[in-house]
Amino acid sequence: MGRKKKKGTQPSEPDPEISSSSSTAAIKKIKKQTTSMAESSSSSSSNNYGSWSPITHMAQDHLFSILLLLPIDSILSLSMTCKRLKSITYSDTLWESICRRDWGPTSVDAIKSSSAAAGTDSRHHHLQLPWMELYRQVYQLDSVSCHRLSEPDCDESFPGPRASHSFNFVSGCLVLFGGGCEGGRHLDDTWVAYIGNDFKKSLNWQKINSGVPSGRFGHSCVVVDDFIVLFGGINDHGIRQNDTWVGQVALNETFGVTLSWRLLDVGSTTPPPRGAHAGCCIDNKRMLIHGGIGLSGLRVGDTWVLDLSENFLFGTWQEVVTQPSPTARSGHTLTYIGKNQTILFGGRGLGYEVLNDVWLFDSTGGHLRWLQLLFELQNIPGGLSLPRVGHSATLILGGRLLIYGGEDSNRRRKDDFWLLDISSIPSVEIQPITAKRKGLVGNMWKRLKSRGYQPNCRSFHRACADQSGCYLYVYGGMVDGLLHPAEGSGLRFDGELFLVELALQL
């Protein structure tokens, strides 16, 4: 069975000579040139270069091909040379192609489908903007808007409260599995809800009664093509697992959404048992895991990669031993951002300290290595609140990470949103990567405002983005609250589902 192109928000792989790192720096130029377009029309009409330059007589499709090889700064500079280039460089057709180049075709197609489905829905007005304006808004994003999608009660048709579960978007569906709940018990249920490309105020959940995998929490579950791959976790008795499972979602007109699980044959070499580790899909075809809590409750710092066969019937685990590498930890995140790069952030270390370090896992050309990105918290506005464990870090539209929630070293849960954008770092060819200058670090980290519904502070929740990368679904976690009306405050497992929407507005 041939492998389909992976769905999700992962950007396409552009020419290695083309860097999207200039996108953020060029956004102000986009805004300035857009507003001054009328004023500059007379001066550009008197530009004599346009009358003889060979490029002005080139076929438009050839010009498009050339422009798409250039970074944003160069495209905007060319727009000032003559009327024809100005018209082309400001066209929706070119900017849709630029968005496809920088964001990937899956995200752009999902945005177009969502916009068409939305019709006159005012929530989706930003999806109908010209592509150049949408591009500018994405890289100037300063806020998100939250919407509550559920009000869980005793209804059996809705997943129950939980934390340290898995929550993925695959084949147009949300898939939730396992987790821990009240009394230290694990859950072994699987739930699916179909979304497609449409915004939904409420979801119809369907419980899958398969009996496998066995109940657990603190496992990792990643999307690979139209499959989900699950590894490890911890059961009720504190036993760590190291089994690998594959799940496949199918849409059936008669039976609705179905999901089947099967144990993956990985041979005799497997990572040691663990839970509370981090995992993600890398290079659209492999699973990467790091760290976690191993046997005897000790945190580990090893790195493993799972290579999958074309038919997803077999897999091969291989340990990646390289120096330097991230220290042992649990409750951290791994997020693939495209271009063979994966970001590790935060977690809890060997001494129970809560971390704020950022590492880059580079898999370019099959040469696997870790690079640390160094920065100073005092150079980041509000940066002292960055250290956290049990947070979520999700790839969103534009190739940045949206980090949400978690808890600090005193177990104080958080409700803040942060953008992490490593494209502002000039080079990843040296070790370590240093970003100490205040301006550089300020471009890398940005705290976002949150509007609309205000969810409870939480940790060990799970989040996933839809195909467009414009919407983030968040479920469950640990929150502060009353265990019972007659008791004092304590930890509570949450069963809330809410939507985080990128605030892309004029």
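Helices (H or I, at least four residues) and strands (E, at least two) are DSSP runs, numbered from the N terminus. This is a predicted model, where local features need pLDDT of at least 70, side-chain atom pairs count only at pLDDT 80 or more, and totals for chains, interfaces and linings use all residues. Residues are numbered from 1 along each chain as its sequence is written, and side-chain values use heavy atoms, with hydrogens and water left out.

**Exercise 1. Find the cis peptide bonds and place their prolines.**

Step 1: Look at V212 and P213, which are joined by a cis peptide bond with omega about -10 degrees. P213 sits in the loop between β7 and β8 (220-224).

Step 2: Now try Q323 and P324, where the bond is cis with omega about 0 degrees. P324 belongs to the loop between β15 (315-320) and β16 (329-330).

**Exercise 2. Check S164 and N284 for the sign of phi, then say whether each is buried or partly exposed.**

Step 1: Recall the background: most residues other than glycine have a negative phi, and most peptide bonds are trans.

Step 2: S164 isn't a glycine, yet its phi is positive, about 55 degrees. You'll find S164 in the loop between β1 (143-148) and β2.

Step 3: N284 isn't a glycine either, and its phi is positive at about 65 degrees. Its loop runs between β12 (278-282) and β13 (286-293).

Step 4: Apply the cut-offs: buried means under 20% relative accessible area, exposed over 50%, partly exposed in between (1.4 Å probe, protein chains only). S164 has a relative accessible area of 14%, so it is buried. N284 has 29%, so it is partly exposed.

**Exercise 3. Work out the strand order and pairing of the open sheet that holds β2.**

Step 1: Set the pairing rule: two strands pair if DSSP finds at least two bridges between them.

Step 2: Read off the order, β2-β3-β6-β7, for this open sheet of 4 strands with antiparallel pairing. β2 (166-170) and β7 (206-208) are the edge strands, each pairing on one side only.

Step 3: Zoom in on β3 (residues 173-177) and β6 (residues 190-194), antiparallel strands joined by 5 bridges. Here L174 stands opposite A193 in β6.

**Exercise 4. Describe how α6 packs against α8.**

Step 1: Pick the descriptors: two packed helices are described by the angle between their axes and the distance between the axes.

Step 2: The axes of α6 (residues 92-103) and α8 come within 8 Å and cross at roughly 35 degrees. Axes are lines fitted to C-alpha atoms, for helices over the stretch in contact, and angles run from 0 to 180 degrees between N-to-C directions.

Step 3: List contacts (heavy atoms within 4.5 Å). Residues of α6 including W95, I98 and W103 meet a set in α8 that includes W131, L134 and Y139.

Step 4: Check burial: 9 of the 9 residues of α8 (residues 131-139) are buried.

**Exercise 5. Characterise the β17-β18 hairpin.**

Step 1: β17 (residues 333-338) and β18 (residues 341-345) pair in the antiparallel sense over 5 bridges. T335 has I343 in β18 as its bridge partner.

Step 2: The hairpin has 2 residues between the strands, and K339 in the turn has a positive phi of about 55 degrees.

Step 3: For burial, 6 of the 6 residues of β17 are buried.
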